[in-house]
Amino acid sequence: MFFQKYYEDLTSDEADFIIDIYNVVDRLVYNSEPVTLVRLGYELGVEPNELSDYLTIIITILNKVEEEYEVR
């Protein structure tokens, strides 16, 4: 069985926004603060409902960042 891999082209603005999400998540986890869509929206200057398109990315980033700090 073949698996189809889906790749989406990102604009530079979207890539920069994802990097911004990573930076905020990293800072919040480092400071032992809860990571919520409301907090991310506040930190990033966007409405929390605008982050719903990035929910899977946010969860993936959060899991990786938490793993990173557990290893340290």
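This report describes the helices of one protein, the contact between two of them, and the nonpolar core.

The model is predicted, so local features need pLDDT of at least 70 and side-chain atom pairs count only at pLDDT 80 or more, while totals for chains, interfaces and linings use all residues. Residues are numbered from 1 along each chain as its sequence is written, and side-chain values use heavy atoms, with hydrogens and water left out.

The protein has 3 helices and 0 strands, where helices (H or I, at least four residues) and strands (E, at least two) are DSSP runs numbered from the N terminus. Buried residues, under 20% relative accessible area with a 1.4 Å probe and protein chains only, make up 24% of the 72 residues.

Helix 1 and helix 2 pack against each other as tabulated, with axes fitted to C-alpha atoms over the stretch in contact and angles running from 0 to 180 degrees between N-to-C directions.

| Helix pair | Angle | Axis separation |
|---|---|---|
| Helix 1 (residues 12–30) and helix 2 (residues 37–44) | about 115 degrees | 10 Å |

In this contact (heavy atoms within 4.5 Å), F17, D20, I21, V24, V25, R27 and L28 of helix 1 meet R39, L40, E43 and L44 of helix 2.

The largest nonpolar core, a set of buried Ala, Val, Leu, Ile, Met, Phe, Trp, Tyr and Cys residues joined through side-chain atoms within 4.5 Å, holds 15 residues, of which I21, V25, L40 and L44 touch the most other members. Helix 1 gives the largest share of this core, 7 residues. Leaving aside residues up to four places away in sequence, V25 touches V35, L40, I61, L62 and V65.

Key:
Buried < 20%, exposed > 50% of the residue type's maximum accessible area, 1.4 Å probe, protein only.
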